[in-house]
Amino acid sequence: MYRLLLDAFGPQHWWPAETAEEVLFGAILTQNTAWKNVEQAIAALKAAGMLNFRRIAAYDVNSLAELIRPARFMNLKARALLAFASFFGSRYGYSIQRMQCAPADRLREELLGVYRIGPETADSMLLYALAKPVFVIDAYTKRIMSRHGFLSLGHSYDDFQRFFMAHLPADVALYNEFHALLVRAGNCVCKPTPLCDRCPLRKLEHGG
DNA sequence: GACCAGGCACATC
DNA sequence: GATGTGCATGGT
């Protein structure tokens with residue numbers, strides 16, 4: 001699957017961000033939201049000089065919500081960003097490097113304890129901001145994997161994650177690219193659920 | 001104008 | 001534990 005997707009689409013250059021801190025913002029802002037909308041919110045934060053957790057920690061919730069309005073669920077996400085800023089500041093002194101020193105499994109538990117950080121957001125942060133070998137599962141990944149008969153949709157997030165990690169080497173670059181390619185495939189016009197004759201994954205049909 | 005995005009928390013049974 | 005619902009924008 002990985003090779004088919006990579007051959008068809010090429011490297012996706014994820015995560016689309018200039019800094020690790022920007023990845024952390026994006027991970028929260030993109031929850032159930034098209035990336036195009038998130039880009040606008042990040043641009044607004046950048047323009048206001050607020051793409052910085054130390055800065056927003058002392059910022060007003062409503063003003064923050066206004067800035068990220070294009071990213072949908074503005075009030076929830078404003079509170080989520082503040083909750084993360086509080087955690088990031090008190091636990092790691094706003095230092096990505098200090099956070100990176102912690103083992104992945106402990107970090108994951110800590111992240112899951114932060115308001116509105118669930119498994120996908122936590123894993124996106126771990127893989128794309130902190131370079132921890134953790135496979136990210138999202139709606140596209142579940143859909144595509146179930147469509148091709150690997151694991152049915154009824155399985156949990158952790159089931160899907162275990163499936164990938166049990167069958168692949170713990171490689172940050174591989175996890176990065178594979179997940180990005182799955183999202184790319186999910187965004188394909190043919191929406192691979194009904195496979196079009198041009199889908200790179202059609203070769204998997206009938207045990208290919 | 002409908003439909004849907006790279007989820008999550010919380011209520012209810 | 002399973003299932004349902006609110007959140008409340010902008011692109012296609």
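## Around DNA strand B

A residue is near a strand if its C-beta atom, placed from the backbone, lies within 6 Å of it. With that in hand, and keeping in mind that this is a predicted model, start with DNA strand B: 23 residues surround it. The closest are Gln31, Asn32, Gly118, Thr121 and Ala139.

Which helices supply at least two residues each of this surface? They are α9, spanning 119–129, and α10, spanning 139–147. The largest share comes from α9, which puts in four residues. Sorted by class, the surface near DNA strand B holds 11 nonpolar, eight polar and four charged residues.

## Around DNA strand C

For DNA strand C, here's the full set of residues around it: Ala34, Lys36, Asn37, Arg69, Pro70, Arg72, Phe73, Met74, Asn75 and Leu76. By class, that surface breaks down into five nonpolar, two polar and three charged residues.

Two helices each bring at least two residues to the surface near DNA strand C, namely α3 (35–47) and α6 (74–92). Of the contributors, α6 gives the most, with three residues.

## How α8 and α9 pack

Back to α9, the helix with the largest share of the strand B surface. Helix α8, residues 104–112, packs against α9 at an angle of about 140°, and their axes are 9 Å apart. That angle makes α8 oblique to α9, because only angles over 145 degrees count as roughly antiparallel. The crossing of α8 past α9 is right-handed.

Who's actually touching whom? On the α8 side, the contact is made by Ala104, Leu107, Arg108, Leu111 and Leu112. On the α9 side, Ala122, Met125 and Leu126 do the job. The contact of α8 with α9 comes to seven nonpolar residues, no polar ones and one charged.

## How α2 and α6 pack

Now for α6, which also gives the most to the strand C surface. It packs with α2 at an angle of about 140°, with the axes 10 Å apart, and the crossing of α2 and α6 is right-handed.

The residues that meet are Leu24, Phe25, Ile28 and Leu29 in α2 and Lys77, Ala80, Leu81 and Phe84 in α6. By class, the contact of α2 with α6 has seven nonpolar residues, no polar ones and one charged.

## Threonine 30, in the loop after α2

Threonine 30 sits in the loop between α2 (20–29) and α3. Is threonine 30 buried or exposed? Threonine 30 counts as buried, because it has 23 C-beta neighbours inside 10 Å and the cut-off for buried is 20 or more.

Leaving out residues up to four places away in sequence, threonine 30 touches Trp35 and Val38. As for a longer reach along the chain, threonine 30 and alanine 65 are 35 residues apart in sequence and 14 Å apart in space, C-alpha to C-alpha.

## Backbone oddities

Most residues other than glycine have a negative phi, and most peptide bonds are trans. With that background, a few spots are worth a look. Tryptophan 14 and tryptophan 15 are joined by a cis peptide bond, with omega about -10°. Tryptophan 15 lies in the loop between α1 (2–9) and α2.

Two non-glycine residues have positive phi values: arginine 72, with phi near 70°, and tyrosine 94, with phi near 60°. Arginine 72, one of the residues around DNA strand C, is in the loop between α5 (61–67) and α6. Tyrosine 94 is in the loop between α6 and α7 (96–100). Why does arginine 72 count as partly exposed? Arginine 72 has 17 other C-beta atoms within 10 Å, and partly exposed is the class between 12 or fewer (exposed) and 20 or more (buried). Tyrosine 94 is partly exposed too, with 17 other C-beta atoms within 10 Å.

## What covers α10

Last up is α10, one of the helices that supply at least two residues near DNA strand B. Within α10, Thr141, Lys142, Ile144 and Met145 are buried. What covers these buried residues includes α11 (157–167) and α12 (172–186). After α10 comes glycine 149, which has a positive phi, near 75°.

Definitions and conventions
Residues numbered from 1 in each chain as written. Chains lettered and ligands numbered in written order. Predicted model: local features only at pLDDT ≥ 70, side-chain atom pairs only at ≥ 80, totals over all residues. Nonpolar A, V, L, I, M, F, W, Y, C, P; charged D, E, K, R; others polar. Axes fitted to C-alpha atoms, helices over the stretch in contact; angles between N-to-C directions. Parallel < 35°, antiparallel > 145°, perpendicular 65-115°, else oblique. Left-handed = near helix turned anticlockwise from the far one by under 90°. Contact = placed C-beta atoms within 7 Å.
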